[in-house]
Amino acid sequence: MTQRLSPGDRAPDFSLADADGNRVDLAGERGNKVVVYFYPAAATPGCTTQACDFRDNLAGLAAAGYKVLGVSPDPQDKLKAFVEQEHLTFPLLSDEDHAVADAWGAWGEKNNYGKASVGLVRSTVVLDEDGVVSLAQYNVKATGHVAKLRRDLGLD
């Protein structure tokens with residue numbers, strides 16, 4: 001299991017391609033509060049539920065000063081299809097070699113229906129304007145996660 005991030009940690013910087021092939025550099029987000037959420041696979045039921053939940057709550061998160069970035073090990077073309085199919089309005093980033101997920105503690109052993117495997121652990125990390133972790137949640141549930149996140153951030 002990789003080392004998980006905790007509040008007060010400086011988040012590791014990254015540069016990943018979005019669904020359109022544009023580079024997104026985390027360092028370029030300094031000055032913004034950022035929600036980085038890791039999800040296992042685009043266009044699967046749980047990941048679709050979670051992505052659409054972020055999409056539907058994006059205006060409220062933005063009004064509170066948060067930007068949202070989704071990260072998965074999916075290739076860029078799969079992300080592009082997912083964005084188009086679900087009308088997603090925030091960047092999805094491709095981490096095919098899972099180096100970013102590993103550095104952020106979102107890659108490791110997990111349990112699916114009682115079976116242990118290694119892969120992406122559904123996780124959400126919130127950064128302050130300086131790139132410091134203010135909230136880190138691992139093994140989150142897809143359904144209801146954004147509502148819980150909003151409560152945890154004091155937005156509701």
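This briefing covers the fold, the sheet, the helices and the cores of one protein chain. The model is predicted. The chain holds four helices and nine strands. With a radius of gyration of 14 Å, close to the 15 Å that the globule rule gives for 156 residues, the chain is as compact as a globular protein of that length.

**Overall layout**

- Along the sequence, the elements follow the pattern β-β-β-α-β-α-β-α-β-β-β-β-α.
- A box of roughly 40 × 35 × 30 Å, taken along the principal axes, holds the C-alpha atoms of the chain.
- Of the 156 residues in the chain, 48% are buried.
- Many contacts span long stretches of sequence: among those between residues at least 6 apart, 62% join residues at least 24 apart.

**The sheet**

- Strands of a sheet pair through backbone hydrogen bonds, either parallel or antiparallel.
- Here seven strands build an open sheet, and the pairing is mixed.
- Their order across the sheet is β2-β1-β5-β4-β3-β8-β9.
- Strands β2 (23-25) and β9 (133-138) are the edges, and each pairs on one side only.
- From one strand to the next, the twist averages 30°.

**The β8 and β9 hairpin**

- Strand β8 covers residues 123-127 and pairs with β9 in the antiparallel sense, over five bridges.
- V126 has L135 in β9 as its bridge partner.
- S123 is bridged to Y138, also in β9.
- Five residues lie between the two strands of this hairpin.
- In the hairpin, G131 takes a positive phi near 80°.

**Helices on the sheet**

- Helix α2 (residues 76-86) lies across three strands: β1 (15-18), β4 (66-72) and β5 (92-94).
- The direction of α2 is at about 165° to β5.
- Helix α4 also packs on the sheet, where it touches β3 (33-38), β8 and β9.
- The direction of α4 makes about 150° with that of β9.

**Helix against helix**

- Two packed helices are described by the angle between their axes and the distance between the axes.
- For α1 (residues 45-63) and α4 (residues 145-152), the axes come within 9 Å and cross at roughly 35°.
- On the α1 side, the contact is made by Q50, D53, F54, N57, G60 and L61.
- On the α4 side, H145, V146, L149 and R150 meet them.
- By class, this contact has four nonpolar, four polar and two charged residues.

**Nonpolar cores**

- The largest nonpolar core has 23 residues.
- Within that core, Y37, Y39, F54, V68, F90 and L92 touch the most other members.
- Elements giving two or more residues to this core are β3, α1, β4, α2 and α4.
- Helix α1 gives the most, with five residues.
- F54 has two roles: it is in the α1 contact with α4, and it is among the core residues that touch the most other members.
- L92 touches A17, D18, A19, Y37, Y39, G70, L79, F82 and V83, leaving aside residues up to four places away in sequence.
- A second, separate core has 22 residues, including A11, V36, F38 and L69.

Notes:
Residues are numbered from 1 along each chain as its sequence is written. This is a predicted model: local features need pLDDT of at least 70, side-chain atom pairs count only at pLDDT 80 or more; totals for chains, interfaces and linings use all residues. Side-chain values use heavy atoms; hydrogens and water are left out. Axes are lines fitted to C-alpha atoms, for helices over the stretch in contact, and angles run from 0 to 180 degrees between N-to-C directions. Contact means heavy atoms within 4.5 Å. Ala, Val, Leu, Ile, Met, Phe, Trp, Tyr, Cys and Pro count as nonpolar, Asp, Glu, Lys and Arg as charged, and the others, Gly among them, as polar. Two strands pair if DSSP finds at least two bridges between them. A nonpolar core is a set of buried Ala, Val, Leu, Ile, Met, Phe, Trp, Tyr and Cys residues joined through side-chain atoms within 4.5 Å. Buried means under 20% relative accessible area, exposed over 50%, partly exposed in between (1.4 Å probe, protein chains only). The radius of gyration is taken over C-alpha atoms; the globule rule is 2.2 Å times the number of residues to the power 0.38.
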